[in-house]
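Below are my notes on the model you sent round. They take the ligand site, then the sheets, then a few backbone details.

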Amino acid sequence: MPADTTPMMKQYLQMKAEHPDCILMFRLGDFYEMFLEDAKLASRELDLTLTTRDRNKPEGERTPMCGVPYHSVESYIARLISKGYKVAICEQMEDPALAKGLVDRDIIRIVTPGTVIESSMLEEGRNNFLCSICLQEPAVGVCFCDISTGEVSATAFAGKDAMEHLWNELGRYAPREAVLSPAAAEDPELRAFLRDRLDCRCEPGAEDRFERSAAWALCRKQFRTGLEGLPEQGEAAVRAAGALLDYLYTTQKTDLSHLTAFQYYTSGQYMELDLTARRNLELTETMRAKEKKGSLLWVLDKTKTAMGGRLIRSWMERPLLSPVPINKRLEAVADLTGSAIARDEIAACLREVTDLERLISRVVYGTAGARDLVALAGGLGRLPRLRELLSPFRSSLLCGLRQAIDDLADLRELIGRALVEEPPFSVREGGFIKAGYDQDVDYLRDVMTNGKSMVAAIEASERDKTGIKSLKVGYNKVFGYYIEVSRANYDLVPDTYIRKQTLVNCERFITQELKDMEHTILSAQDKIVALEYELFCALREQTAARVGEIQATAAAVAQVDVLTSFAAVAAAGGYCMPTVDLSDKLDIVEGRHPVVEKVLKNALFVPNDVHMDSGENLVAVITGPNMAGKSTYMRQTALIVLMAQMGSFVPAKSAHIGIVDRVFTRVGASDDLAAGQSTFMVEMTEVAELLKNATAKSLLILDEIGRGTSTYDGMSIARAVVEYCADKRRLGCKTLFATHYHELTCLEGQIPGVKNYNIAAKKRKDDIIFLRKIVRGPADQSYGIEVAGLAGVPGRVIERARDILAELEAQGAPAPAAAPARADDQISLTDLGANEVAERLRRVDVNTLTPIEAMNLLYELKQKL
Ligand SMILES: Nc1ncnc2c1ncn2[C@@H]1O[C@H](COP(=O)(O)OP(=O)(O)OP(=O)(O)O)[C@@H](O)[C@H]1O
Ligand SMILES: [Mg+2]
């Protein structure tokens, strides 16, 4: 530190040294300033001008600095946080005007991506999770917390697949920030997964943060419920929770009493979905654009409150596994679909319910302003109506929710009495306490507005007392209030008057009463500001004390919102109530793809059936031309199952769904290019994972497995996978398998449980008509050339391809679909190999072929004949 460092800079540098990993925002009057490296970084990231405090020094010795005005600091913090930085906020702890010497300053909070609470930095319908991961042989514990809503959940895994389960949970919660135990921080794969796949900031935590007894102590102190009866491995979750709390205490430095319940869940409660399935099925965002539009959530989410918006996401990401709670939800949805009018009224009422969860969190946190309290009371005020609207419904879930909704009438009434309807933004400038709430406030306001009449009153009474008719009370800046008496009346002036000023024709005096009045008027403004703030803080504390009740009510409102949304979507989309039980059935009559049917512009969606069970109809091998609708059909089946297990109605005429423990998907390599995951290795890793983790109760969606390698290898793998899935001694689970390897259709009849299906298309002259109907049996033809024509491959190439195909067929090359399997159950390589040219043609991606390449390809093919 240079010798001439100012005391303030010393103060700054000391704080910076204590928080080297944060950008330090240092309050200086009306600005938050950043210095040195922080200043350079912030000027880059925030487009701020870099300046300096010491312009008269030589350039090399100047301290770089940049600042943001205090009133707009939130938006700058938000930008830094979204870029993954941590920001330490240093405030002035005393009024600089009153401070003797250096102003006392302190770090009041560290804002990090996982600990944001300001509504401007949060997405409404989405949770913002901080997580903590404790890798402690033999168990893996993980804890998730959204401090903006007060939700804390945790789980733990043991055994060889523990890490995989962890990854899936991380994928489900998509935390913004993770506190890692030393072992977790040293796992490069885990860090890469968090950083690259989830865009999550990693905070390495010291070992003692995760220490057993300290963690238990913190958790016992923080949580009112949820720590009893944990399973053995639950300890790892407690350790993770302890570290998470420790991180919150050190960064937030404030009341966290809204984190009341520690919710420990086990993997048996919710369906586990891996990141691949989540992405392939486009549950909450589309695969390519990563947008909500086009996802299942986009179709199902008609929630009206922010709380419902977050809950529907969470329900979608965690379908249930047991029929009782699923059917409770379904009955509630059925109840609500029954009455369009009531549903609309509920929706209209919900629309006016504010984000109670986040509001109460800010109240507890001490960051809520008067507007927040008014919004909270306003939201609560809608609840009596909501209860009334729910009263006709008889389903047990809705009845329970209605009872759980408490509008906290007393608190509402209190807030309504205390605060004006539209309070100003700041609680530091007064003007928000309602008249009649507090006597002192009323009096001070009276003093301020009625200063004039007080002056007049004093004037009148002094005239009376002294008998001086011309006596006046006046005001000037130098002396304040005074009594003015003209020269002629000097002898009437009483002794109690104190002379202040003598003018040509008059004399000015003051009295004690006048001074008191002056003081009252002039200090009323300051007093009222302080008093209003004090009253507000008391009110906020009273509200904070109700956190438990408000959270419980918010949770119930959120559920009503989601169920109503399900019902609205079901009614508008003609969905049906599925039968969900523990049978082995998967029967869907006239099922539709919930998203595709919405986005089809010029065509009607063609519904299709599914009939599967754990016996004869275990594996469906689905063939059909490109573009026929194979992928759509398989995904719609998976989505219908997931929707049913979420408790939603499904887009079908009827559906009977035996509960599935997991849905696995594998989508062919070239369908997945956008994610940069097109290599065969990745495809096979995913196949390996899925075969390892699936059980007889799982549903497998396998879309063109094996397409990323040479034909024979690919086909052999595809066939082996089908065999494995169909084999009851191995997997024996329901599998939908789409393939262009028509040779696989020979498996029906050879392997029990395998059935062929195809999606019909018809050839009319040279054109192809997609019927989109799934029918039994293998596809007769590939129509690859016709589809190539549809895609705009030049007519000459298409014609030539037709010729080649005709020649090949004439030469006796086997029609692809008809390939018979040999008795020894192996795929006949000679049958397959006879047709290299056709195979090349089948595999060529016509969309990316330039005319020159097409010519070259034709030439090459010709050489082979
Ligand atoms: N049942 C249906 N009704 C109406 N249109 C449909 C239906 N199924 C699919 N489609 C339309 O056909 C398009 C192609 O479907 P899909 O991607 O499922 O075909 P595919 O058989 O998997 O093709 P490929 O073999 O090239 O992968 C869809 O994007 C959709 O627009
Ligand atoms: Mg496909």
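Which helix supplies the largest share of the shell around ligand 1? This is a predicted model, and the points below should be read with that in mind.

1. The answer is helix α24, residues 630–646, which contributes three residues to the shell. The shell has 15 residues in total, and those that come nearest to ligand 1 are Val606, Met627, Lys630, Ser631 and Thr632.

2. By residue class, the shell around ligand 1 is made up of seven nonpolar, five polar and three charged residues.

3. Oxygen atoms of ligand 1 have short distances to N or O atoms at several positions. For threonine 632, a side-chain N or O atom is 2.5 Å from a ligand oxygen. For serine 631, the distance from a side-chain N or O atom to an oxygen of ligand 1 is 2.7 Å. Glycine 629 takes part through its backbone, where an N or O atom is 2.9 Å from a ligand oxygen. As for cover, ligand 1 on its own has 640 Å² of accessible area, and the protein covers 79% of that.

4. One open sheet has four strands with mixed pairing, in the order β17-β21-β18-β19. Its edge strands, β17 (579–581) and β19 (608–612), each pair on one side only. From one strand to the next, the twist averages 15°.

5. Within this four-stranded sheet, β18 (residues 586–591) and β21 (residues 654–658) are antiparallel partners, joined over four bridges. Aspartate 587 is placed opposite histidine 656 of β21. Helix α24 lies across β17, β18, β19 and β21, and runs at about 115° to β18.

6. Another open sheet, also of mixed pairing, has six strands in the order β22-β23-β24-β20-β25-β26. Why does one side of β22 and of β26 have no neighbour in the sheet? Both strands, β22 (663–667) and β26 (767–776), stand at the edges with a single partner strand each, so one side of each is left open in the sheet. Here the twist averages 15° from one strand to the next.

7. In the six-stranded sheet, β22 pairs with β23 (residues 699–703) in the parallel sense, over five bridges. Valine 667 stands opposite aspartate 703, a residue of β23. Helix α24 packs on this sheet and touches β20 (619–623), β22, β23, β24 (734–738), β25 (754–764) and β26. The direction of α24 makes about 160° with that of β23. Helix α25 (residues 680–693) packs on the sheet as well, touching β22 and β23, with its direction at about 160° to that of β22.

8. Helix α24 therefore deserves a careful look in the viewer: this helix gives three residues to the shell around ligand 1, lies across the strands of the four-stranded sheet and packs on the six-stranded one.

9. Two backbone details should be checked before the model is used as input. Between glutamate 137 and proline 138 the peptide bond is cis, with omega near 0°. Proline 138 belongs to the loop that runs between β7 (130–136) and β8 (139–146). Aspartate 199, a residue other than glycine, has a positive phi, near 55°. Aspartate 199 sits in the loop between α6 (188–197) and β11 (201–204).

Technical notes
Residues are numbered from 1 along each chain as its sequence is written. Chains are lettered from A and ligands numbered from 1 in the order in which they are written. This is a predicted model: local features need pLDDT of at least 70, side-chain atom pairs count only at pLDDT 80 or more; totals for chains, interfaces and linings use all residues. Side-chain values use heavy atoms; hydrogens and water are left out. A residue is near a molecule or strand if one of its heavy atoms lies within 4 Å of it. A polar contact is a pair of N or O atoms within 3.5 Å; within protein, one must be able to donate a hydrogen and the other to accept it, and residues adjacent in sequence count only if both atoms are side-chain atoms. Accessible areas come from the Shrake-Rupley method with a 1.4 Å probe; for residues, only the protein chains shown count as cover. Helices (H or I, at least four residues) and strands (E, at least two) are DSSP runs, numbered from the N terminus. Ala, Val, Leu, Ile, Met, Phe, Trp, Tyr, Cys and Pro count as nonpolar, Asp, Glu, Lys and Arg as charged, and the others, Gly among them, as polar. Two strands pair if DSSP finds at least two bridges between them. Axes are lines fitted to C-alpha atoms, for helices over the stretch in contact, and angles run from 0 to 180 degrees between N-to-C directions. Contact means heavy atoms within 4.5 Å.
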